[in-house]
Amino acid sequence: MKSFWKILFASFAMVPLAATVKAADVSYAPPDAVVSSGIYIRGDLGASYLNWDSANQNWAYVGDAGIGYQLNDNWRADVTYNWTGGYGLNPGEVRTGMVLGTAYYDFKNSSSFTPYVGAGVGYGWEWGNGAATDVTGVAIGLNAGVAYEMTNNLALDVGYRFHDIINSTQNTQEHQIAAGVRVKF
């Protein structure tokens, strides 16, 4: 029984030394660890509501795709192409598209869920027939949502986006809810 206590005491005496040795290995990464370059691609699908008085079908589907870069734990930026199709007008229909550069702030925490906010600017256009006229203009976007980190390189994203194409003839304001994925490389 005495040898058991000696071995137990010696084991506890080694703990501070082991912690010191581990602290010295700061740059060690296990071979199975995946380290991201910061580059990511993204894609989303969802629904969009057009805030336009003459619309008789204010809802349409929306899709976007983009490429971005994770600058650090909290900041990232991307460029996306957003397309919305088939708002019904009286008469006719209208579609919108825009290219936006957006900066995001991720509220990192200890969970797998990361809330975020973002703001962007770019160029947008709307085209259609009937009551719609083809116009272009500066586009702005505001975003809020949450990402779920499934792995180090894959995140599911659910969010709200406000988009506005600003031009001299009409303001095209869209409220979008979308879900998608971000794949980090």
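Is Arg95 buried, partly exposed or exposed, and what is its relative accessible area? I opened my notebook with that one, and I kept in mind that this is a predicted model.

**Entry 1: Arg95**

I looked up the accessibility and found a relative accessible area of 22% for Arg95. Buried means under 20% and exposed means over 50%, so Arg95 counts as partly exposed. Its place is in strand E5, which covers residues 92-106.

Next I asked what Arg95 touches beyond its neighbours within four places in sequence. My list reads Tyr61, Trp83, Thr84, Gly85, Gly86, Trp125, Glu126 and Trp127. I picked Trp125 for a distance check: 30 residues separate Arg95 and Trp125 in sequence, and their C-alpha atoms are 8.5 Å apart in space. I also noted a polar contact, at 3.0 Å, between the side chains of Arg95 and Glu93.

**Entry 2: the whole chain**

I stepped back to see the overall layout. The protein chain has 1 helix and 9 strands. Reading from the N terminus, I wrote the order down as α-β-β-β-β-β-β-β-β-β.

How many residues does the protein chain have, and what share of them counts as buried? There are 185 residues, and 36% count as buried. I put the accessible surface of the chain at about 10,600 Å², with 68% of that surface belonging to carbon and sulfur atoms. I looked at contacts too: among those with a separation of 6 or more, 57% join residues 24 or more positions apart.

**Entry 3: how E3, E4 and E5 pair**

I followed the strands along the chain here. Strand E3 (59-70) pairs with strand E4 (residues 75-89) in the antiparallel sense, over 10 bridges. A hairpin of 4 residues links E3 to E4. For a landmark I chose Ile67, which lies in E3 and stands opposite Val79 in E4.

E4 also pairs with E5, again in the antiparallel sense, over 12 bridges. The hairpin from E4 to E5 runs through 2 residues. My landmark for this pair is Ala77, which faces Ala103 in E5.

**Entry 4: Tyr69 and a nonpolar patch**

Which residues form a nonpolar patch on the surface? I found Ile39, Ile41, Ile67, Tyr69, Leu71, Trp75 and Phe185, with about 680 Å² of accessible area together. Strand E1 (39-51) and strand E3 are the elements that give two or more residues to the patch.

I took a closer look at Tyr69, which lies in strand E3. Its relative accessibility is 38%, so Tyr69 counts as partly exposed. Not counting residues up to four places away in sequence, Tyr69 touches Ser37, Gly38, Ile39, Tyr40, Arg76 and Ala77. I then checked Phe185, another member of the patch. Tyr69 and Phe185 are 116 residues apart in sequence, while the C-alpha to C-alpha distance is 9.7 Å.

**Entry 5: Asn58**

I finished in a loop. Asn58 sits between strand E2 (55-57) and E3. Is Asn58 buried or exposed? At a relative accessible area of 16%, Asn58 falls under the 20% limit, so I wrote it down as buried.

What does Asn58 contact, leaving aside neighbours within four places in sequence? I listed Ser48, Tyr49, Leu50, Trp52 and Tyr87. For Leu50 I could add a detail: its backbone oxygen lies 2.7 Å from a polar atom of the Asn58 side chain.

Technical notes: Residues numbered from 1 in each chain as written. Predicted model: local features only at pLDDT ≥ 70, side-chain atom pairs only at ≥ 80, totals over all residues. Heavy atoms only, no water. Patch = residues over 30% accessible without salt bridge, like charges linked within 9 Å, V, L, I, M, F, W, Y side chains within 5 Å. Areas by Shrake-Rupley, 256 points an atom, 1.4 Å probe, with all protein chains shown as cover. Salt bridge = Lys/Arg side-chain N within 4 Å of Asp/Glu carboxyl O. Buried < 20%, exposed > 50% of the residue type's maximum accessible area, 1.4 Å probe, protein only. Polar contact = N/O pair within 3.5 Å; in protein donor to acceptor, adjacent residues only side chain to side chain. Contact = heavy atoms within 4.5 Å. Pairing = 2+ DSSP bridges.
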